[in-house]
Amino acid sequence: MNTEINNVQEKKKSGSFLSKIFSVQEVGILIPLIVLVLLFYFINNAFLSAPNVFSILKVLAFYGIVAVGETLLILGGDIDISVGSVAGFGAVFSTFLMMKFNCFGLLNTPYEWIGVIGFMIITMAVCSLVGFLNAFLIVDIKLPAFITTIATMWAVRGAIMVVTNGNPIYPLPKFFMDTIGTNAQIPITKIGGETLGISLPFILFILLVVVFEVVLRRTKFGRNIYATGSNREVAKLAGINTRKVRYMNFIILAMLASLSGMLVAAFTRQGYPPIGDGWEMLIIAGCAIGGIALAGGYGSLIGTLIGVFIMNIVNTGLVMVGINTFLQQTVQGIIILIAVYADILRRNRKVLS
Amino acid sequence: MSVPEIKNGKAGNSFLRTLKKFFALQEVSIMLPVLVLIIIAISLNPNFVNPLNLATIGRRMSMWGLIAIGEALIIMTGNFDISVGAMVAFINVFFCVAATTWHLPLVIAILLSISLAVALSTISGLIVVKLKINSFLTTIAMLFICKGLAKTMTNARPVPIAPAQGSDLFLRIGQSEPLAMSWTFFLFILLIIIFQIILKKSAYGRKLYATGDNANVARLAGVNTDLIKLSTFIISGVLIGSASVLLIAKEAVGNANYGSGWELSAIAAVAIGGISLIGGAGSMVGLIIGVIMMQCMSNILVLLQINQHMQSILLGTIMILATVFDVKRRNRILGKID
């Protein structure tokens, strides 16, 4: 409390560089991240070994891509818990189409990529319809967001099972598995004959964070999202087309979710039906940890980036420390509660001050 | 009406009026789709009305129906509980482990399991009521917690209850079929009746509806809305604990996979039964119709050899449609023009 006051006074007095840095909210979230990394490192030094670091970066990117979309949506004052199902649907539907139509009859030819990319785009278009449906029900018919998206979550999960009958879809086109999946990385080191590097999803994730951070801060669309999220009525009165903003958010999110699901399918080399199961909570928790106000209107993508890092580092760290894998789920549940409660505390403090 | 002599106009009118009143009842309008469903089922596959099949439907629905009662009460107060299925998964394996691995007397194990269910449910309720965290987020977190605990406890392997002391009698009760039904079935019907009376006739019931309809107004009117909300979670906990124990009595083996999807069935039954998913309206009679309809539906899908998974698509659709009607009805009542 005291230091906070000091900080504020200092800032007022001198505006020194250091105090400026510490008054940025993202820095406050960075501290637990660093503490966690050090903690896991001291318990098990292998935590910071190259294979583990690269594997963490690869896995977190899948959640991260969806979290970017979810952040935009939450900033705009909505919430969507159907994202996990949409990601799973993207994974199985794209692979199903590729194998069903043999990539437009180009399977196992040098032009295979046309079919792969084509069906990926088709899948993203189909999944954007789910986002559109959610938006229609929530924005226009004014249904409660939680009830609606949990219904679509179950319905889409059902669609996944209808498409696959519960069986994984494989084999997949080589281009999809290799060029988009395992081989798509910038090689950094070589350990034990295995090339380690920054994976395509991770690059994509960072790219999305940067692009949308710029969009949020520098463009009219970005400012409209914040305005819609902080007070929809006022935004409407100010002439912002809040309906369009919210529709866009839902559709962007569904497209990113399906893209992420497809990337998981590419990396795991199969269209596995449970892909995306439980993602929604990890992603929403990541946003909440990253300082995104769940009521909308406040937060940044840098925060989400850090939040996603924290969620995944905890996951991997628990395994490295030797905690039962099944218990991870339990720990995740507790983290979710803490993150959401922290969000409420933050909101109350803001209201008081 | 039963007296045939009085056949003047007045009696006819009042008969019509009663008929009109009868059809205006919400429960009756829900009943019609059930009847249509049953007629379709019979015409497609006459085996549907086979007494054996009907008894199966009755036995199957009573198990998750118990949980749907608690879910319905929670939803009536304007909250949601998505963790019910995961809680069943945890409590049933906890019960088996307590009785078999820890060698606790069966009665103690039963009481312990039910208390644990109540404790977990109460924690959810307290978080929702006191910390004011959205009930969806709270119970999804609880779902993670319970699923993790269930699998940790058993390493995701089935745990039989059989060698536990007194399990013979316990299993005999659980697997007996009085009147071709199960004891759970009669418990389910009894509880539906009891809660219907409580909801419609007691002060508690009125407070419950008031809380769900508009918690702020109810609080200003002197209702302890926090306590009402919490009480529904506690009741749900008791029901979840009991259902888990009864499930083991029937299956004899605990499994961390039990209960998966029960939250979906329960919430769908609530929605089909005309209970407002936004809170404040509905009845237990509606709920039992919803439960019957859900069980018939999955039975029909099996009989017609339709892909089982179509069901979740169907249920999601039903949930949305029910909410659409609910929102429209509310707007009409409030006279809102959008």
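The questions and replies below concern chains A and B of a predicted model.

Me: What makes chain A as compact as a globular protein of its length?
Reply: Chain A comes to 16 helices and two strands. Its radius of gyration is 21 Å, and the globule rule gives 20 Å for 353 residues; the two values are close, so chain A is as compact as a globular protein of that length. Along the principal axes, its C-alpha trace spans about 70 × 55 × 35 Å.

Me: What makes chain B as compact as a globular protein of its length?
Reply: Chain B has 14 helices and two strands. For 338 residues the globule rule gives 20 Å, and the radius of gyration of chain B is 21 Å, close to that value, so the chain is as compact as a globular protein of that length. The box filled by its C-alpha atoms is roughly 75 × 55 × 40 Å along the principal axes.

Me: How many of the residues count as buried in chain A, and how many in chain B?
Reply: A residue is buried when its relative accessible area is under 20%. By that cut-off, 54% of the 353 residues in chain A are buried, and 53% of the 338 residues of chain B are. Chain A exposes about 15600 Å², with 67% of it from carbon and sulfur atoms. For chain B the exposed area is about 15600 Å², and carbon and sulfur atoms supply 68% of it.

Me: What share of the contacts in each chain joins residues at least 24 apart?
Reply: Counting contacts between residues at least 6 apart in sequence, the share is 76% in chain A. In chain B, counting contacts with a separation of 6 or more, the share is 77%.

Me: Why is α12(B) called largely enclosed?
Reply: Helix α12 of chain B covers residues 262-272, and 11 of its 11 residues are buried, so the helix is largely enclosed by the rest of the structure. Among the buried residues are B:Trp262, B:Glu263, B:Leu264 and B:Ile272. B:Gly274 follows α12(B) and has a positive phi, near 75°.

Me: Why does B:Thr100 count as buried?
Reply: The relative accessibility of B:Thr100 is 14%, and the cut-off for buried is under 20%; B:Thr100 therefore counts as buried. This residue is in helix α4 (residues 84-101) of chain B. Apart from neighbours within four places in sequence, B:Thr100 contacts B:Pro160, B:Ile161, B:Pro163 and B:Ala164.

Me: How do you know that α11(A) and α13(A) are roughly perpendicular?
Reply: The axes of α11 (residues 220-230) and α13 (residues 242-268) of chain A cross at roughly 105° and come within 10 Å. Angles of 65 to 115 degrees count as roughly perpendicular, and α11(A) and α13(A) are therefore described that way. In this contact, A:Phe221, A:Asn224, A:Ile225 and A:Thr228 of α11(A) meet residues of α13(A) including A:Val245, A:Met248 and A:Ile252. The contact residues divide into five nonpolar, four polar and one charged.

Me: What makes α8(B) and α9(B) roughly perpendicular?
Reply: Helix α8 (residues 183-201) and helix α9 (residues 203-213) of chain B have axes that cross at roughly 75° and come within 5 Å. That angle falls in the range of 65 to 115 degrees, so α8(B) and α9(B) are roughly perpendicular to each other. From α8(B), B:Ile198, B:Leu199, B:Lys200 and B:Lys201 meet residues of α9(B), among them B:Tyr204, B:Arg206 and B:Leu208. Six nonpolar, one polar and three charged residues make up this contact.

Key:
Residues are numbered from 1 along each chain as its sequence is written. Chains are lettered from A and ligands numbered from 1 in the order in which they are written. This is a predicted model: local features need pLDDT of at least 70, side-chain atom pairs count only at pLDDT 80 or more; totals for chains, interfaces and linings use all residues. Side-chain values use heavy atoms; hydrogens and water are left out. Axes are lines fitted to C-alpha atoms, for helices over the stretch in contact, and angles run from 0 to 180 degrees between N-to-C directions. Helices (H or I, at least four residues) and strands (E, at least two) are DSSP runs, numbered from the N terminus. Angles under 35 degrees count as roughly parallel, over 145 as roughly antiparallel, 65 to 115 as roughly perpendicular and the rest as oblique. Contact means heavy atoms within 4.5 Å. Ala, Val, Leu, Ile, Met, Phe, Trp, Tyr, Cys and Pro count as nonpolar, Asp, Glu, Lys and Arg as charged, and the others, Gly among them, as polar. The radius of gyration is taken over C-alpha atoms; the globule rule is 2.2 Å times the number of residues to the power 0.38. Buried means under 20% relative accessible area, exposed over 50%, partly exposed in between (1.4 Å probe, protein chains only). Accessible areas come from the Shrake-Rupley method with a 1.4 Å probe; for residues, only the protein chains shown count as cover.
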